[in-house]
Amino acid sequence: MAASPSTARAINDRLALRLLQQEGPLTAGQLKELTGLSRPTVADLVERLTAAGLIEVAGEARAPRRGPNARLYGIVAGRAHLAALDVRTEGVALVVSDLVGGVLGEASLPIADDTGTGPAVEQAVALVERTAKEAGADRLHTVGIGAPGLIDPATGELRDSTSLPEWHRRLVAALQERLPEARVSVENETNLAALAEQRDGSVRDRDTFVLLWLGHGTGAAVILDGALRRGASGGTGEIGFLPVPGTRGLPSATDCAGGFHSLAGAAAVATLARECGVVPGAGSGPEAAGAVRTAVAGPESAAHTRFLDTLADRIAVGVASVVALLDPGCVILGGEIGQAGGEALASRVHDRLTVMSPLPVEVRPSALGGGAVLRGALLTARDHAQDELFGVPGH
């Protein structure tokens, strides 16, 4: 059955807006070419979207042609303001942006271990309010949060965890209370990192892959056929609890010590570096990532080689289990440690997997590293805001 005129207009409008999201400002002629719509239909939708305050003239095309240059149309960036937070055990990083992702303000705040739950929440909320105000964002439309821990797939809330600070869970509710007009959502940090790597990082050519997060903790995000897989309880990718050889004992339901975390978490990597005699260079970052960066960048030595080889052995044990179960074809080494290791670490892990697994798999270093979580939170917030604002434009 043919769509009604109003439905057809809504479909055409949404198609045009999606193209403007993906490609940036376009001329009416470019919209005609990309959508396959007729010139009158494109002219009609441009007029309609402009009147609705969703698009505006963003400049002129510079292509050589007779007569005046064609107008470029782009999404109205100031239509809504967004905030993205990367919530870690040790603090918060924040970005405030416009509707198309243009950064208007950035801030970060360390939060000490001995800071109480109430003060920690208040400090983080005040940071968001202050940064938004300084960025000229009087009202936040959407707030996206990336945090460690499990997200309940039924409620979308961060589940209680004895291993994470209580202020993480309280922060989401506090932001919603202080920003009643904003949509506040939270997602697991590793999942957001994977979405960012797929959109802007090292796996833009893949719709099936696993991102292994190697930072303060360990985690994995699973993207299959373009979709993020969370599992029945939101626990897909809790690889820190994976029982592996080479540890002292087994993990428990409340403690991942003895699991893969004990081989590849930051504390374990820092200990390994000290045992191998690798000393992080000045200004190389946190101890674990700094040691990896120093070993990769410094002159080749027996200590550096032994450290990187042993670390690759450890990582390959966890990756081999993931490959055997999911056959993702591609694994990204993310987080601060994965980024610090770069191609040198990724190639070592790949070499070990070719011996351990019959399944072909690429191993790539992260392109975004520790910044992937914040980037993923911003992309997700932008998608949510645009979906809401562009749902039924002008109808």
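Here are some worked exercises on the structure shown above.

The model is predicted, so local features need pLDDT of at least 70 and side-chain atom pairs count only at pLDDT 80 or more, while totals for chains, interfaces and linings use all residues. Residues are numbered from 1 along each chain as its sequence is written, and side-chain values use heavy atoms, with hydrogens and water left out.

**Exercise 1. The largest nonpolar core**

Find which residues touch the most other members of the largest nonpolar core, and which elements give two or more residues to this core.

*Solution.*
- Step 1: start with the terms. A nonpolar core is a set of buried Ala, Val, Leu, Ile, Met, Phe, Trp, Tyr and Cys residues joined through side-chain atoms within 4.5 Å. Buried means under 20% relative accessible area, exposed over 50%, and partly exposed in between (1.4 Å probe, protein chains only). Helices (H or I, at least four residues) and strands (E, at least two) are DSSP runs, numbered from the N terminus.
- Step 2: pick out the best-connected members. The largest core has 42 residues, and Leu-212, Phe-307, Ile-315, Leu-333 and Val-349 touch the most other members.
- Step 3: map the core onto the elements. Two or more residues come from each of strand 9 (209-214), strand 10 (218-224), helix 7 (261-264), helix 8 (266-276), helix 9 (287-297), helix 10 (302-326), strand 12 (330-334) and helix 11 (335-356). Helix 10 gives the largest share, ten residues.
- Step 4: look for another core. A second, separate one of 31 residues includes Ala-135, Ala-137, Leu-175 and Val-186.

**Exercise 2. Strand 9 and its partners**

Work out how strand 9 is covered and how it pairs with strand 10 and strand 12.

*Solution.*
- Step 1: check burial. Six of the six residues of strand 9 are buried. Phe-209, Leu-211 and Trp-213 lie on one side, with Val-210, Leu-212 and Leu-214 on the other.
- Step 2: recall the pairing rule. Strands of a sheet pair through backbone hydrogen bonds, either parallel or antiparallel. Here, two strands pair if DSSP finds at least two bridges between them.
- Step 3: take strand 10. Strand 9 pairs with strand 10 in the antiparallel sense over six bridges, and the two form a hairpin with three residues between them. Phe-209 has Ile-223 as its bridge partner.
- Step 4: take strand 12. Strand 9 runs parallel to strand 12, joined by four bridges, and Val-210 stands opposite Val-331.

**Exercise 3. A helix pair**

Describe how helix 9 and helix 11 pack, and which residues make the contact.

*Solution.*
- Step 1: get the geometry. The helices pack at an angle of about 10°, with axes 8 Å apart; axes are lines fitted to C-alpha atoms, for helices over the stretch in contact, and angles run from 0 to 180 degrees between N-to-C directions.
- Step 2: classify the angle. Helix 9 is therefore roughly parallel to helix 11. Angles under 35 degrees count as roughly parallel, over 145 as roughly antiparallel, 65 to 115 as roughly perpendicular and the rest as oblique.
- Step 3: list the contact (heavy atoms within 4.5 Å). Helix 9 brings Ala-288, Ala-289, Val-292, Arg-293 and Val-296, and helix 11 brings Glu-336, Ile-337, Ala-340, Gly-341 and Ala-344.

**Exercise 4. The five-stranded sheet and His-141**

Give the order of the five-stranded open sheet, then decide whether His-141 is buried or exposed.

*Solution.*
- Step 1: read the order. The sheet runs 6-5-4-7-8, with mixed pairing.
- Step 2: find the edges. Strand 6 (103-110) and strand 8 (183-188) each have a single partner strand, so one side of each is left without a neighbour in the sheet. The twist averages 15° from one strand to the next.
- Step 3: go inside. Strand 4 (residues 81-88) pairs with strand 7 (residues 140-147) in the parallel sense over six bridges, and Asp-86 has Gly-146 as its bridge partner.
- Step 4: place His-141. His-141 lies in strand 7 and is buried, with a relative accessible area of 7%. Among the residues His-141 touches are His-81, Arg-183 and Glu-388.

**Exercise 5. Positive phi**

Locate Asp-225 and Asp-327, and state their phi values.

*Solution.*
- Step 1: recall the background. Most residues other than glycine have a negative phi.
- Step 2: take Asp-225. Its phi is positive, about 50°, and Asp-225 sits in the loop between strand 10 and strand 11 (227-229). Asp-225 is exposed at 63% relative accessibility.
- Step 3: take Asp-327. Its phi is also positive, near 50°, and Asp-327 is in the loop between helix 10 and strand 12. Asp-327 is partly exposed at 42%.

Definitions and conventions: Lists of a residue's contacts leave out its neighbours within four places in sequence.
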